[in-house]
Amino acid sequence: MKFEIKRERLVEGLNDVMKAVSSKTTIPILTGIKMDVSSEGMRLTGSDSDITIQTFIPAEEDGEQIIQVTDGGSIVLQAKVFGEIIRKLPTNEVEIEITGNFQTHIRSGKSEFHLIGLDAMDYPQLPDIQDDRLFTIPADLLKTINRETVFAVSSSETRPVLTGVHWEVKDGELVCVATDSHRLARRKTKLETLPEGEYSVVIPGKSLTELNKILDDTSEAVEIVMTNQQVLFKSKHILFFSRLLEGNYPDTSRLIPAEYKTTVTVNGRSLLQAIDRASLLAREERNNVVRFSTNSGSEVEVSSNSPEVGKVEEQLQAQSIEGEELKISFSAKFMMDALKAIDGQDVVIQFTGAMRPFILKSALDDSILQLILPVRTY
């Protein structure tokens, strides 16, 4: 196997697939990256058995030669070492040659490295995925959906299914829900390309976070294929496989209140900044709790009190306050995460009482819904 490749393109490809490689894997060969080279170009594959990322670098693109292949073939190289070497090579021209016994020679300028490779036949095969449940989403929309839901997944492994985001397809709509049982984030998206039937999968939050790092902020379509055990995201040169979480996702629709006693409409950015300031004094204590209260006027008060540190109170002008007066306490972090997901627009907050879950949504549309459980303070 012997070829030459432009270094910057190889670095780009390695950056993508390295996101799937973990040093903690129990399968030693997965600490490596698999390289398949043919006359068409090069495929790079990285995996930790939960996530697998494959990227393709074409031999020629827009009339420019990126890879010159003398002999094709496959090899697995230690991901960390190989990645560092390629990044630090002196010139943009890299020649890689594999001789007997998987000896790998990397040359660039006056620099030459010799690495010991592994047999690509020992590398796990990619799952075979049929395209019967395929739909497409623009990449920037997919990133937004992930950003608005992933933060609410559980970080505790006691209920593994809650560490993922529940994607449900029905009635021409994709509904994504994440919850850690103290808060919930839901995003609904109408899609034209949804296949027939209803189905639901739970995608690990970690997979969606890594996916967001790879996707470009463009409206280019990403194809999504779901099977019973895997989901595949395909964009121009990248295949991103993730295993799905097993188990039944709880029915979260029952958590969302049907009626409200107090409704507050307020500027999301101003509220976020006020809660951020109030939390400066709440951070010292473990629970980081901020209080929120309405009065008969059109102002809300955000306050926090730490006996050892001091207290803070801030009045905030609301656009409208309807219903009963209210005093409620909640986690500053949860509230700030929810407001960031709604992203600076005017928010409508609907309360059903001091100890009941309350919801936040954008005043402009109700595709995003955030639900938070209050904190009991005496």
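Axes here are lines fitted to C-alpha atoms, for helices over the stretch in contact, and angles run from 0 to 180 degrees between N-to-C directions; contact means heavy atoms within 4.5 Å. On that basis helix 2 lies across strand 2 and strand 8, running at about 95 degrees to strand 8, where helices (H or I, at least four residues) and strands (E, at least two) are DSSP runs numbered from the N terminus. This is a predicted model, in which local features need pLDDT of at least 70 and side-chain atom pairs count only at pLDDT 80 or more, while totals for chains, interfaces and linings use all residues. Residues are numbered from 1 along each chain as its sequence is written, and side-chain values use heavy atoms, with hydrogens and water left out.

**Helix 2**

- In helix 2 (residues 79–88), the buried residues (under 20% relative accessible area, 1.4 Å probe, protein chains only) are Ala79, Phe82, Gly83, Ile85 and Ile86.
- These residues cover an arc of only 165 degrees around the axis, which puts them on the same side of helix 2, the arc being that of the directions from the helix axis to the C-beta atoms.
- On the other side of helix 2, Lys80 and Lys88 are exposed, meaning over 50% relative accessible area.
- The cover over the buried residues of helix 2 includes helix 1 (7–18), strand 2 (32–38) and strand 8 (73–78).

**The open sheet**

- Eight strands form an open sheet in the order 8-2-3-4-19-18-17-12, with antiparallel pairing, two strands being paired if DSSP finds at least two bridges between them.
- Strand 8 and strand 12 (134–138) stand at the edges, each with a single partner strand, so one side of each has no neighbour in the sheet.
- From one strand to the next, the twist averages 20 degrees.
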